[in-house]
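Me: Could you teach me to read a helix and a strand in this model?

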Amino acid sequence: MPGSLNPTALVRLLGSWSSGALPAYRELADVVRLLVMDGRIPLDVALPSERALAQTLGLSRTTVTAAYASLREQGFLTAGQGSRGRTSIPHRDAPVSVPGLAAPEGLLDLAYASLPAAGEVVHRAFADALTELPALLPGFGYDALGVPALRQAIAEKYAAEGVPTTADQILVTSGAQHALNVVLHTLVGKQDRVLVEHPTYPNALDAIRAAGCKVLPVGLPPHASPAWDVDAMVSTMNQQRPAMAYLVPDFHNPTGRIMSDLQRRRLARAAAAAGTVLVVDETLRGLNLDAVKTSPMSAFSARVVSIGSLSKSHWAGLRTGWIRADEAMITRFVATRTTMDLGGPVVEQLAAARLVRSFAEPLDARLHELRHNRESLLALLAEHLPEWEVERPRGGLTAWCRLPTACSTALTVLAPDFGLRLAAGPRFGVGGAFEHYLRVPYTLPPAQLEFAVSALRAAQDKLDASPQLRRTLKAGRPPAVAVA
């Protein structure tokens, strides 16, 4: 879809856009503006010509001309050749992230979506790892592929999910972000195109931009059924031929959606036909709150590159992740990895091997806790913020909330006054999209979630009482926050 948008595709996105309450040109401009702000229409896309859109909608050309003129005046459409223009967002400072920046003391942190360690299980794994360490001490301690015991455990985990895998198809990394950087530095070059879902994981967007690549955002549907706009993804692959696509099909961050096997199979085939490497982030796959049955994306194509981690399921402090791919690709990844570091810490990998081999041991209790937290958060939001539209997550750690007005950045700026630290919705997109959205994690216990929602209500009330305050805060720069 990035590049240009044909009239039929735009009409499909518009849906039932006309209520008759306002002049048609205003309603048309308003709906297109919201589609751009929510990421459904990517930035720098040429809209259909005035004549073509008027014919498809059955409107006068004058109406479409007036709608386009309104969008240009508001900064959502650039001047284009003839009657065509390209989508844009009015200039504003973007939310920023400073990796590793902790929340100031006294603030409840809703920017991070991570759990504390799986207590006794993680501690026991490290204790056992120390008993295995003496056998490895005579070696140099460098292993760019990773400790064999961990690679074998990860391979067996994939095999148990129906994806035959050998240890030679596994590269151990220092977390999922390290894995993504290794993949990017291997597969893409500067100015190469990388397709992403829109919204998506902010740190992945940061890594893609840092690699000098052009992001091709494809908007997710506004509702969870269908969960992905596969038609738009396939069209983008066919038209733009991106070198790589980064997807989070398992309890997508931030929406919590899960991709069906039918959609996975179709995307795998489309990517193979387009020469696009699918890079699939599976770090949240184990947090399956609704017991949805799906196959890993690698079950549908040998070309898929999978990224996994223990950060979300067990503990981020392990800093242990991995890449699964075919052996030839792993060889390329190892060559790239050795330009960054020569291997990960051995004790952590020995502990991780123990945890992977007994992967489900802490999960039953953690999933039970997360289900309880999720229900608490959804009930609190429905009670205190009924005007927010909250998508029910099928798994993962976060709920994606649609706000009644474009105030996400303003809420983020105001939140510390009410004891909260937030990540603004635009942090999850490109070009300032998602001002209507806020990600709220349910990793905290119900008592803290109750405080958080009460604080969000108070911040929302303050904004509602002062439109001028909202405009001022929206134009400002949100607090520098790290997002996880």
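**One helix, one strand**

Me: Which residues of H4 are exposed?

Reply: Thr62 and Glu73 are exposed, meaning over 50% relative accessible area with a 1.4 Å probe on protein chains only. A word on the source: this is a predicted model, where local features need pLDDT of at least 70, side-chain atom pairs count only at pLDDT 80 or more, and totals for chains, interfaces and linings use all residues. Residues are numbered from 1 along each chain as its sequence is written, and side-chain values use heavy atoms, with hydrogens and water left out.

Me: And which residues of H4 are buried?

Reply: Thr63, Val64, Ala67, Tyr68, Ser70 and Leu71 are buried (under 20% relative accessible area). They lie on the same side of H4, because their arc around the axis is only 155 degrees, taken from the directions from the helix axis to the C-beta atoms. Thr62 and Glu73 are on the other side.

Me: What follows just after H4?

Reply: Gly75, with a positive phi of about 90 degrees.

Me: How do I read the faces of a strand?

Reply: In a regular strand, side chains alternate between the two faces of the sheet. In E6, Val277, Val279 and Asp281 are buried on one side, and Leu278 and Val280 are buried on the other. With 5 of its 5 residues buried, E6 (residues 277-281) is therefore largely enclosed by the rest of the structure.

Me: Which residue in E6 is the bridge partner of Ala245?

Reply: Leu278 is that partner. Strand E5 (residues 244-247) pairs with E6 in the parallel sense over 4 bridges; pairing requires at least two DSSP bridges.

Methods:
Helices (H or I, at least four residues) and strands (E, at least two) are DSSP runs, numbered from the N terminus.
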